[in-house]
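Please walk me through this structure, beginning with its overall make-up and then turning to the empty space enclosed within it.

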Amino acid sequence: MEIDARFRYYFQHPWSRLIVAYLVTFFNFLIFAEDPVSHSQTEAHMIVVGNCFSFLFNKYPGLGWNILKVTCWILAIITGLLAGKFIFHRQLFGRYLRLKMFREDHGSWMTMFFSTILFLFIFSHIYNLFLLMAGSMEPHMVTEYMGIRNESFMKIAAVGTWMGDFVTAWMVTDMMLQDQHYPAWGKAARRFWKQGNNRIVLFWTVLISLTSVVVLVISTDWISWDNLNRGFLPSDEVSRAFLASFILVFDLLIVMQDWEFPHFMGDLDMNLPGMSTTHVKVKLPVCKRIFKEEYHIHITGKWFNYGIIFLVLILDLNMWKNQIFYKPYEYGQYVGPGEKIYTVEEPDTLRNFNHSTLTYEWRSTNIDPSTNSTYVEQDMFLHSRYIGASLDIKCLAFIPSLAAFVLFGFFIWLFGRFQDSETFTENQDKSYERIKRKSPSEYSKEMGVTPEEMHVTMSDSLKRSGTPMLLSVDGPHFGATPSTNSTISMETQETHPSIVIDGAAQEEPAVSFDVHKLSP
């Protein structure tokens, strides 16, 4: 089964990808401004993530209970990292589901991160069990309530989604301007982008300047959305739910529009944002008497980019949940004339409010003795509306995002898995593992040949065996000039890994691309 070339040409076209990436950023700002929860003064709560936050950062009982709590979340983190690496990544995604995007160590850090969240949630309930057995410890039990106001949490989430969405959109822009998949697109912009350090300078200049403005506007309420739009096309809970649903769809579209989706097995790696390298490597200190190998933390541009997307997806899912199950009373809010929402900002009222006092009728007819004015005059007026739509109507908003999730999983299952006829890339060749662990000089000494002879021997053996594997050895080791052009067939990419022995200084190879295969 193949995807129509004409559809792929327009679906993955640079303009399509840029529009989707920047629309997500705009929609996240729009829903933050329209969401009445963003102005709520009640305590923030978020399922799973709220438990993890409370488990790590607050509700410490004191004395020996603090030691127990710290021990529990340390064990949860260690268990989550190990389970994420060896159970979820290696066994479930690698060997059982045979997903190409999780081959070898690809995507292991993101898997370990989400696995750690899962085990923090599990261990928080184990910790709660100890508190229940002790008795009279209910105030210190870990719940989804985070100990901060909804207004503060939503501001933090807005800054987080801005950073994630902007970095993602900027990385998409960077990819469009660096690659040659559509050579007729943006020729002048590409020439400027590739000159000197223009790409790096522009990235940091735009990121720092725009982020400073965004943080200032969000944290200080310098610009009020309700005063700005003055009730133009006010939203209700149904329209906000659909907006949150389409944000989820666009998050997944960013990943699905990648030229290498769903296998991500191409040999061209994108540069990290603001850097001139395609990956980050951190060498871990080890005891050589115990561990014979060197260990590195290796994060590639692809997983850095889409890892951020999935982190933002958590916040967007929480935003969608807020719109579906929103009820003004639970957030210290009430509905006034015209179905407009009012937010209570007075701390005393929020501590003692009930269904009878948190209504427009009561707050507009009763006077606060301390201010000699009605309570409603002290509350914040919002142009956002609450029409009391049924849960069935609001759940219709989940249909677009549900369809996107189904398509996302379908394409991964159909095109992103190693088939039974394909060789799984993990530990498929002992000679590959040996070269990967040893430098060329160590390998040649052990085999009793010179580096040049080793290169010829390996090439001849691969030709005789008929194995279409690419062996790329950088020039500075052997006095040759670095390769500037490398063409790899898609069949070779998807079946066999390429072996690269890093040199002291190297240039990244430019990969040719047959645009006629995509052009309509």
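**Enclosed space in a predicted model**

About 140 Å³ of space lies in the largest cavity of this predicted model, and a search of the whole structure finds three cavities of 30 Å³ or more.

The protein around these cavities is built from 19 helices and 13 strands, and 44% of its 520 residues count as buried. Among contacts with a separation of 6 or more, 78% are made by residues 24 or more positions apart. The accessible surface amounts to about 27,500 Å², with carbon and sulfur atoms accounting for 64% of that area.

Rolling a probe the size of a water molecule over the atoms shows where empty space is left. The lining of the largest cavity consists of 15 residues, and those nearest its centre are N28, A157, A158, T161 and M319. Three helices, α2 (14-34), α6 (150-178) and α11 (301-324), each contribute at least two residues to this lining, with α6 giving the most, namely seven residues. By class, nine of the lining residues are nonpolar, four are polar and two are charged.

The second largest cavity holds about 40 Å³ of space. Helices α6 and α11 each supply at least two residues of its lining, as does the strand β1 (43-45). The residues that line the second largest cavity are V37, A44, H45, N150, F153, M154, N318, K321, N322 and Y331, and they divide into five nonpolar, four polar and one charged. Helices α6 and α11 thus appear in the lining of the largest cavity and also in that of the second largest.

Key: Residues are numbered from 1 along each chain as its sequence is written. This is a predicted model: local features need pLDDT of at least 70, side-chain atom pairs count only at pLDDT 80 or more; totals for chains, interfaces and linings use all residues. Side-chain values use heavy atoms; hydrogens and water are left out. Helices (H or I, at least four residues) and strands (E, at least two) are DSSP runs, numbered from the N terminus. Buried means under 20% relative accessible area, exposed over 50%, partly exposed in between (1.4 Å probe, protein chains only). Contact means heavy atoms within 4.5 Å. Accessible areas come from the Shrake-Rupley method with a 1.4 Å probe; for residues, only the protein chains shown count as cover. On a 1 Å grid over the protein atoms alone, a cavity is a set of points where a 1.4 Å probe fits but cannot get out, and a pocket is an open set with protein on both sides within 12 Å along at least five of seven lines; lining residues have an atom within 4 Å of a point. Grid points are joined across faces, edges and corners, and a volume is the space filled by probe spheres set on the points. Ala, Val, Leu, Ile, Met, Phe, Trp, Tyr, Cys and Pro count as nonpolar, Asp, Glu, Lys and Arg as charged, and the others, Gly among them, as polar.
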